[in-house]
Amino acid sequence: MQANIQLDDVDSRILTALGADSRRSYADVASEVGLSTAAVHERVKKMVERGVIERFSLRVDPERVGLRFTAFVAVRNDGGIHCREVAPLLREMPEVLELHSVAGEYDFLAKIRTTHARALEEVLYKIKAIPGVARTTSTVVLNTEFEDRPLRLP
């Protein structure tokens, strides 16, 4: 794992500005942080090269595309195959949006979006069919107050 990269105040402000809206022009960000457009462009380029910025992405409203049902599913692995072999199989499922390896009673916590409860049931059947997956526990989301919160660096 790479050591933490130290950012100066200007880099932090650039990241905060782009985190809120990565489509902002460098000229717009430059006027906010007090640099030239070229300087902002060069700093962003260096942060991409150093791996600070992993990607620029698109956020789609899940409800507007029919994914109205969200659940967090804890997955317990009890042999069969190693946990490291389970993760790639879960990654292949398009409904699994996030997967976290966790400590405690379960091995993974997955964020899953589907069209409805029956679709979640089908995903759970697929997860339970993975060799070594012993058990799942689901928590259905009733309402999302916020998610995908951009980082606000000090």
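This is a guided tour of a predicted model, stop by stop, with what to select at each one.

**Before starting**

Residues are numbered from 1 along each chain as its sequence is written. In this predicted model, local features need pLDDT of at least 70, side-chain atom pairs count only at pLDDT 80 or more, and totals for chains, interfaces and linings use all residues, while side-chain values use heavy atoms, with hydrogens and water left out. Helices (H or I, at least four residues) and strands (E, at least two) are DSSP runs, numbered from the N terminus.

**Stop 1: helices α1 and α2**

Select residues 9-20, which form helix α1, and residues 26-33, which form helix α2. Their axes come within 10 Å and cross at roughly 130 degrees. Axes here are lines fitted to C-alpha atoms, for helices over the stretch in contact, and angles run from 0 to 180 degrees between N-to-C directions. The two helices are therefore oblique to each other. On this scale, angles under 35 degrees count as roughly parallel, over 145 as roughly antiparallel, 65 to 115 as roughly perpendicular and the rest as oblique. The crossing of α1 and α2 is right-handed, meaning that the near helix is turned clockwise from the far one by less than a right angle.

Now show side chains. From α1, the residues R13, I14, A17 and L18 meet V29, E32 and V33 of α2. Contact means heavy atoms within 4.5 Å. Sorted by class, this contact has five nonpolar residues, two charged ones and no polar ones. In this sorting, Ala, Val, Leu, Ile, Met, Phe, Trp, Tyr, Cys and Pro are nonpolar, Asp, Glu, Lys and Arg are charged, and the others, Gly among them, are polar.

Stay on α1 and pick D11, which is found in this helix. Is D11 buried or exposed? D11 counts as buried because its relative accessibility is 7%. The cut-offs for relative accessible area are under 20% for buried, over 50% for exposed and in between for partly exposed (1.4 Å probe, protein chains only). Leaving aside neighbours within four places in sequence, D11 is in contact with R43 and M47.

**Stop 2: helices α2 and α3**

Add residues 37-49, helix α3. The axes of α2 and α3 are 8 Å apart, and the helices pack at an angle of about 100 degrees. That makes α2 roughly perpendicular to α3. On the α2 side, the contact is made by Y26, A27, V29, A30 and V33, and on the α3 side by T37, V40, H41 and V44. These residues divide into seven nonpolar, two polar and no charged.

Next, select G34 in the loop between α2 and α3. G34 is exposed, with a relative accessible area of 64%. To see a long span, draw a line from G34 to I130: the two are 96 residues apart in sequence and 53 Å apart in space, C-alpha to C-alpha.

**Stop 3: the sheet**

Which order do the strands of the open sheet take? The four strands run β2-β3-β1-β4, with antiparallel pairing. The edge strands are β2 and β4 (133-140), each of which pairs on one side only. From one strand to the next, the twist averages 20 degrees. Two strands pair if DSSP finds at least two bridges between them.

Select β3, residues 108-114, where six of the seven residues are buried. Seven bridges join β3 in the antiparallel sense to β1, residues 69-77. Along this pairing, F69 stands opposite T114, and A74 has L109 as its bridge partner. With β2, residues 96-101, β3 shares five bridges, again antiparallel. Here E98 stands opposite K111. The hairpin of β2 and β3 has six residues between the strands, and in it G104 takes a positive phi near 120 degrees.

In β2, pick L99. At 28% relative accessibility, L99 counts as partly exposed. Apart from neighbours within four places in sequence, the contacts of L99 are A87, L90, F108, L109 and A110.

**Stop 4: after β4**

Finish at D148, in the segment after β4. D148 has a phi near 50 degrees, a positive value in a residue other than glycine. Most residues other than glycine have a negative phi. D148 is partly exposed, with a relative accessible area of 48%.
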